[in-house]
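Look over the sequence and the model below. The report that follows starts with contacts along the chain, then turns to overall form, surface and selected residues.

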Amino acid sequence: AEIAPAEHRGGLVACSEIATNVGVLLGYIAGYLLHGLPAGHDWRCMLAIGIIPSGILLLLVLAGVAPESPRWLVQRGKMEHARAVLVHLQGSEHNADHFLAEIQGSIERDALLNQSAHWRAVLCPVRS
């Protein structure tokens with residue numbers, strides 16, 4: 001959702017949640033359909049079925065069809081590569097620069113929050 005236009009992010013997150021729940025439902029259905037297989041074959045078939053979408057995604061990433069995340073690139077100091085990915089995805093240099101600045105601001109805010117966040121505050125709260 002980080003590279004989607006702001007007006008579409010909510011819908012994309014909702015689609016992601018729906019897809020997750022449909023996937024869980026399909027898992028239950030597949031388990032029901034496979035329960036009659038001989039012992040030891042049912043879980044092997046379930047594992048094989050789960051590998052198919054993961055394998056397709058891996059192939060797409062390795063083939064370069066799915067670009068690297070601009071946020072990941074910015075976190076590693078690869079600003080020009082992140083900008084090139086954003087220009088490719090957004091189709092406009094102005095939009096890419098806007099998103100790049102937004103990503104940088106988000107990373108800086110996260111870094112500030114991580115500096116002040118410690119487990120001690122959760123595990124040993126100060127009572128007042």
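## Contacts along the sequence

This is a predicted model. Take the contacts in the chain with a separation of 6 or more: 39% of them join residues 24 or more positions apart.

## Fold and dimensions

The chain holds six helices and zero strands. Its pattern along the sequence is α-α-α-α-α-α. The radius of gyration is 21 Å, while the globule rule gives 14 Å for 128 residues, so the chain is more spread out than a compact globule.

The C-alpha trace spans about 55 × 55 × 25 Å along its principal axes.

## Burial, surface and charge

How much of the chain is buried? Of the 128 residues, 15% are buried. The exposed area of the chain is about 10000 Å². Carbon and sulfur atoms supply 66% of that area.

The charged side chains number 9 positive and 11 negative. The centres of these two sets are 11 Å apart.

## Helix α1: A6 and R9

Helix α1 covers residues 6-34. A6 belongs to this helix, and so does R9. Is A6 buried or exposed? A6 has a relative accessibility of 55%, and the cut-off for exposed is over 50%, so A6 counts as exposed. R9 has a relative accessible area of 23%, which lies between the 20% and 50% cut-offs, so R9 is partly exposed.

Which side chain does the side chain of R9 meet in a polar contact? The partner is the side chain of E102, at 3.1 Å.

Two C-alpha distances place these residues against other parts of the chain. A6 and A66 are 60 residues apart along the chain, and their C-alpha atoms are separated by 21 Å. R9 and G36 are 27 residues apart in sequence, with 42 Å between their C-alpha atoms.

## Helix α2: D42 and V61

Helix α2 runs over residues 41-63. D42 is in this helix. V61 is there too. The relative accessible area of D42 is 28%; this falls between 20% and 50%, so D42 is partly exposed. V61 has 45% relative accessibility, a value under the 50% cut-off and over the 20% one, so V61 also counts as partly exposed.

Which residues does D42 touch, leaving aside those up to four places away in sequence? D42 touches L34 and L37. L34 falls within the range of helix α1, residues 6-34.

Where do D42 and V61 sit relative to residues further along? D42 and S92 lie 50 residues apart in sequence and 50 Å apart in space, C-alpha to C-alpha. V61 and G105 are 44 residues apart along the chain, and 27 Å separates their C-alpha atoms.

## Summary

The predicted chain has six helices and zero strands and is more spread out than a compact globule. Buried residues make up 15% of it. In helix α1, R9 makes a side-chain polar contact with E102. In helix α2, D42 touches L34 and L37.

How values were computed. Residues numbered from 1 in each chain as written. Predicted model: local features only at pLDDT ≥ 70, side-chain atom pairs only at ≥ 80, totals over all residues. Heavy atoms only, no water. Helix = DSSP H or I, 4+ residues; strand = E, 2+ residues; numbered from the N terminus. Rg over C-alpha atoms; globule rule 2.2 N^0.38 Å. Buried < 20%, exposed > 50% of the residue type's maximum accessible area, 1.4 Å probe, protein only. Contact = heavy atoms within 4.5 Å. Areas by Shrake-Rupley, 256 points an atom, 1.4 Å probe, with all protein chains shown as cover. Lys, Arg positive; Asp, Glu negative; His and termini not counted. Charge placed at Lys NZ, Arg CZ, Asp CG, Glu CD. Polar contact = N/O pair within 3.5 Å; in protein donor to acceptor, adjacent residues only side chain to side chain.
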